[in-house]
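Visitor: Please choose a single part of this model and look at it closely for me. I should like to understand what it is made of and how it is joined to the rest.

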Amino acid sequence: MPFINTLLSKDEHEEERVDVQENHQATTQETVKKDEEINHTATLHNTSEILLSSTAEGLSGIEELKSTMESIAAAAEESAGAAEESLGAVNAVKINSSQILKMSNISVENIKKLENSILDASQKINESSENMLRIAKSAQNVYEVGERLNNAGEEVSQTVSLITKLAKRTSLLALNAAIEASRAQERGRGFSVIAKEIRALSSKSNNYAQEINSIVSKIQTNVNNVRETIIKTKDAIEISSGEASQNAISMKELIQTLLLIVEDVNKSVKEFQELDEKIMKMQLSSETIASAAEESAGAVSEVTQTISMQATAFNQSNSAAKMLEEMALKLKNNSSINEEEIVNDIASAAEELSSAIEEIENSMSQSMVALSQIEEAANISKDDAGKNIIFAKDANKIAMQVDESIAKINLEIQEIKEKFNQNIENINKAGVDSRQNLQHNEDVLDEAKKMKRNIKYLKKILRKIELTIVQTASLSINGSVEAMQAKDAQDGCSEGFSVVSNDIRNLAQNSEQSLDKVNDIVDNLEDETESIIEAVDKMQMLGVREADSIILLSSEMQNSAKEIDQSVAMFMDIDKKLDSIVHALQEAQVGAEQTKTAADLALNNAAESKIAAQHITSVSQTMAENVSDLIEVAALLKDE
């Protein structure tokens, strides 16, 4: 570099200046010794040459200073641009990070709401499952009642069969009585009528008994249909209950997965907070860099202005030095020159030089302060840029970790969404199936109502049998009366009539006892049938309520599914913002590295500028010494 070459030749100039001064002093001393025979021309010539050389060296230094300041200005501009770019990236990261924190907190709240919703749904499903089991138990009870009804029907059939046998025996006795009555001729005429009526009643009882058997058979068919249908209802309800329990278990598994997701999200939130702290530090550092860049730009502007002033001063000094050199030539070539005019010109040149040197020294003092400010700003930028590089790397590492966590959460939430939707379908299907299963209850009710009607008809036939039995018993009494009236007969027919009447009455009593038993059984059948109708009605009511509640629950869960969709969308948005953060952090790191490079360049150029400034200051000091010599020459010339 020219400036470095200037520095290398500095010592040669210094030696030349020292030699000139020593020659000047020696000349002065020799002149004094030779009674003021001073070679003023040589002194003036040497001084002007030194001043010309110094101004040329100063102008060269100014050019070098100007060149380094341009480099500093370029570095400051690059640093400011990089800092601004880095700060913009950091601000973008901050905005995204804040949004992610907010979205993560909202997601946690949504997941907790979903967790509570699923827990509530699980409890309702469990309750429905238990209610279904109670309905199934009721169905089992109906089945057992049907079994008792079937047994009761068998018992009715057996008892009615006994009544039929009694009626046949009564009819046979009545036939025997009629034979006895025909033998008794006139005395047996009344008994013959009674026997005929008893036979007719026995025939009716037998017919009624057959009709009862037919009705009992129908009732047993009704009972079997009830049992077969109710067992279908029971099996279907138990299956629905099992499915409901399985859905509840699946929902609880979802809750466990949600708890893990909440843990992952909370972990990510902590990582986000750590990332946010790094970003805040990067913001502060970037703002400090921007402020330092602004301060450096101001200092550069100040130095640039002083450079212009110094260049002007050095040019003025150069003009003054050239004028002195011309005066030296005039003194050398023309001895008749007006010395007073020369003295005034030298004094004027010295004054001009002194003013220029003072301006140079003042401006250089300002330049040195500004250069120190530039160095300080560059050091600040370098330090904070170095911190930002570290912060950016750390933040990027955290962002990558969070990105992995969010990717995992995304997969988990997607799985939950699929399972949750499947659960909704299963729960809705369970409700619809339960509704369909209740159709069997309608069939049970139909059969039970038919059975109820058959039982009522059966009771009606039993009342008819009861009437025939009462009439048969009454006729047996009449037969006993006829036997008493025929007591005096010698043929002994009265005794036969009496025996038959007593046997018929005993058979009627036995039939009445059997009928009482049948009536009790039928009354119980009627009560049990009514209990079946009530139980099935209750099952129907409970079943409809549970089916509707399950269908309603699936509808309510659809709203929770929307929350899952929102969470899915939110986590996908978070994932995108994370990608933006990673990209912005990379940009911030590049900006910080560029800022650090620019700061290093500014520091190097500032150091060179200081050397140049110090050299310029040294040149100005040399010029000041030469100005003193000029003043001394002017004074000597004036004295002469």
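Guide: The account below follows one helix, H6, and the residues that meet it.

The model is predicted, so local features need a pLDDT of at least 70 and side-chain atom pairs count only at pLDDT 80 or more, while totals for chains, interfaces and linings use all residues. Residues are numbered from 1 along each chain as its sequence is written, and side-chain values use heavy atoms, with hydrogens and water left out.

The protein has six helices and zero strands (DSSP runs numbered from the N terminus: H or I of at least four residues for a helix, E of at least two for a strand). Helix H6 covers residues 493–639 and contributes to the largest nonpolar core, along with H3 (40–183), H4 (189–333) and H5 (339–485). That core holds 96 residues, and its largest share, 25 residues, comes from H6. A nonpolar core is a set of buried Ala, Val, Leu, Ile, Met, Phe, Trp, Tyr and Cys residues joined through side-chain atoms within 4.5 Å. Buried means under 20% relative accessible area, exposed means over 50%, and partly exposed lies in between, with a 1.4 Å probe and protein chains only.

Val156, Ile212, Met251, Phe420 and Ile532 have the most contacts inside the largest core. Valine 156 illustrates how such a residue is surrounded: apart from neighbours within four places in sequence, its contacts (heavy atoms within 4.5 Å) are Ile212, Val216, Val518, Ile521, Val522 and Leu525. A second, separate core has 39 residues, among them Ile62, Ala299, Ile357 and Ala613. In soluble globular proteins, nonpolar side chains tend to be buried together.

Serine 609 gives another view of H6, the helix in which it is found. This serine is buried, with a relative accessible area of 0%. When residues up to four places away in sequence are not counted, serine 609 touches Leu65, Thr68, Met69, Ile72 and Leu371.

H6 also takes part in salt bridges, each being a side-chain nitrogen of Lys or Arg within 4 Å of a carboxyl oxygen of Asp or Glu. The structure holds 19 of them. Side chains of opposite charge can pair when their charged atoms come close.

Glutamate 556 pairs with lysine 124, their closest N and O atoms being 3.5 Å apart. This pair links distant parts of the chain, since glutamate 556 is in H6 and lysine 124 is in H3, 432 residues apart. Glutamate 556 is partly exposed at 35%, and lysine 124 is also partly exposed, at 31%. Both belong to a network of salt bridges that links Asp120, Lys124 and Glu556.

Towards H5, aspartate 600 forms a salt bridge with lysine 382, with 3.1 Å between the closest N and O atoms. Aspartate 600 lies in H6 and lysine 382 in H5, so the pair ties together parts 218 residues apart in sequence. Aspartate 600 is partly exposed at 23%, as is lysine 382 at 28%. Glutamate 526 and lysine 459 form a further salt bridge, their closest N and O atoms being 2.8 Å apart. Here too H6 is tied to H5, because glutamate 526 lies in the former and lysine 459 in the latter, 67 residues apart in sequence. Glutamate 526 is partly exposed, with a relative accessible area of 21%.
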